[in-house]
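Student: I should like a close look at one part of this protein, namely the residues recorded as its active site and the elements around them. Please describe that part in a connected way.

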Amino acid sequence: MLSRTINKKQKLDNDKPKIGLVLTGGGARAAYQVGVLRAIAEMLPDNAPNPFPVICGTSAGAINAASLAVAANEFQEGVCQLEEVWANFHVRHVYRSDLIGVLRTALRCCISLFSHEYGRHRAISLLDNSPLESLLLRKIPFRMLQHCIRSGSLHALGITAWGYTSGQSVTFYQAARGIKPWKRAQRVGVSTQIRANHLMASSAIPFIFPPMKLNREFFGDGSMRQLTPISPALHLGAEKVLILGVHKVARELPGRVSTSDYPSLAQIAGHAMNSIFIDSLDVDLERLRRINETLKLVPYEAHQEKKITLRSIDSMMISPSIEINEIAQQFAQTLPLTLRSLYRAVGAMNPNGSTLLSYVLFEASFCRALIELGRNDAMQQKEDILNFIQCQ
């Protein structure tokens, strides 16, 4: 009798459309995603199955994605463990913040500006993120991925990185049988066993963190030139997608402000970060919605006759209700003295440079503020979220 009940439940679950969870990049801003996930876990009944059989992540979102995927058999417990890590973060867990570590990487950067040969065999970056790799190896049991896939609680995990040599956006994935590799313009899907080095590659923000070598080439942050961030989830079998962003969606164009000061290095870097992590998602989401609207105008008979392979994809996006860079400015002084001095030198401690600061401020107080913001924003949309994941 119990076996029949389980089989019946599995059949009902299989009848549901597969929901893809898309976790975007954004450095420390990804703490916001944890708050949204915490709210979703609270909305679900106790011991509810994983509502996201397809999970895709990029950059810091890749780390969140892998953490959820290895705990797919116990979704709510996995969210709790993920929140515990973020709520107790310090920059020393992500990159070296001690005086010797900061000076060493800064010196290497300076030397590389004048010596090409010096940088050929050494990773050149502003910060040393070796502590992050140690943290990933301690906290994420990658061996559980295949177990979750075999049990049916996880269908696929996709981690996207960008190849410095090929110029391709590569999604490394571990999935159930039937998912085939894909190749599109400047983007490919490669089947593999996901490990810590894939997450390190996906989160290697250019200039800030060093590239990571995977197979034949070095890879950097997956958000670079990721023109279609929603696409990997669809290739991996998602039939609808929930997207967790890390920037406030602008409802109107910003006003023009007159200024006589040159933009600081941090201000320029902050805009560059936004173009890497944010802009392509907005464009891809707009494209997805336009395709959906166009497909509604095509009669069903025409779909059958012309063998149209395009399909309508339901989507939902949850994003911050407050500008995260404004929150970062409030917690700037929580950084260690060495980093405050470094960031002050490039202008990141000023209001105009707070965008850059929001990407690298891995401190518990800031992360907790973002987790609370994410939870509150999600709770405001509780009914819509439950309807989307078909729990009501």
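Tutor: The account below begins with the chain as a whole, turns to the recorded site, and then follows the elements connected with that site.

The model is a predicted one. Its chain contains 18 helices and ten strands. Of the 392 residues in the chain, 51% are buried. Among contacts with a separation of 6 or more, 76% are between residues 24 or more positions apart.

The UniProt record, an unreviewed entry, lists Ser 59 and Asp 221 under "active site". These two residues span 163 residues in sequence, yet their C-alpha atoms are no more than 5.7 Å apart, so they gather at one spot.

Ser 59 is located in the loop between E2 and H3. Its relative accessibility is 1%, and Ser 59 therefore counts as buried, the cut-off for that term being under 20%. The backbone of Ser 59 also deserves attention, for its phi is positive, about 60°, although the residue is not a glycine. By way of background, most residues other than glycine have a negative phi.

Asp 221 belongs to strand E8, which covers residues 217-221. With a relative accessibility of 0%, Asp 221 counts as buried. A polar atom of the Asp 221 side chain lies 2.9 Å from the backbone nitrogen of Ser 223.

A further serine touches both recorded residues. Ser 202 lies in helix H9, residues 196-202, and is buried, with a relative accessible area of 0%. Neighbours within four places in sequence being set aside, the contacts of Ser 202 include Ser 59 and Asp 221. Ser 202 also contacts Gly 57, Thr 58 and Ala 62, and its list of contacts further includes Gly 220 and Gly 222. Ile 159, Thr 160 and Ala 161 are likewise in contact with Ser 202.

The loop that holds Ser 59 follows strand E2, and E2, residues 54-58, is joined to strand E1 by four bridges, the two strands running parallel. Within this pairing, Leu 21 of E1 stands opposite Ile 55 in E2. Between these two strands the chain passes through helix H2, residues 31-43, and the resulting β-α-β crossover is right-handed. E1 is also joined to strand E9, residues 240-244, by five bridges, and this pair too runs parallel. Here Leu 23 stands opposite Leu 244.

E1 itself, residues 19-23, has five of its five residues buried, so the strand is largely enclosed by the rest of the structure. Ile 19, Leu 21 and Leu 23 point one way from the strand, while Gly 20 and Val 22 point the other way. The residues on both sides of E1 are buried.

Helix H3, on the other side of the Ser 59 loop, connects this region with helix H8. In H8, residues 144-151, the buried residues are Leu 145, Cys 148 and Ile 149. Viewed down the helix axis, these buried residues fall within an arc of 100°, so they line one face of H8. In an α-helix there are 3.6 residues a turn, so residues three or four places apart point the same way. The buried residues of H8 pack against helix H3 (60-69), and also against strands E3 (156-163) and E4 (169-175). Just after H8, Gly 152 adopts a positive phi of about 95°.

A second residue with a backbone angle like that noted for the serine may be added for reference. Gln 186, which is not a glycine, has a positive phi near 65°. Gln 186 is situated in the loop between strand E5 (183-184) and strand E6 (187-191). Its relative accessible area is 41%, and Gln 186 is therefore partly exposed.

To return to the part requested, the recorded residues Ser 59 and Asp 221 gather at one spot. Ser 59 is buried, Asp 221 is buried, and Ser 202 is in contact with both.

Definitions and conventions. Residues are numbered from 1 along each chain as its sequence is written. This is a predicted model: local features need pLDDT of at least 70, side-chain atom pairs count only at pLDDT 80 or more; totals for chains, interfaces and linings use all residues. Side-chain values use heavy atoms; hydrogens and water are left out. Buried means under 20% relative accessible area, exposed over 50%, partly exposed in between (1.4 Å probe, protein chains only). The arc is that of the directions from the helix axis to the C-beta atoms. Contact means heavy atoms within 4.5 Å. Two strands pair if DSSP finds at least two bridges between them. A crossover is right-handed if, with the strands pointing away from the viewer, the path from the first strand over the helix to the second runs clockwise. UniProt positions are given in the numbering used here, feature names are shortened, and annotations may be inferred rather than shown by experiment. A polar contact is a pair of N or O atoms within 3.5 Å; within protein, one must be able to donate a hydrogen and the other to accept it, and residues adjacent in sequence count only if both atoms are side-chain atoms.
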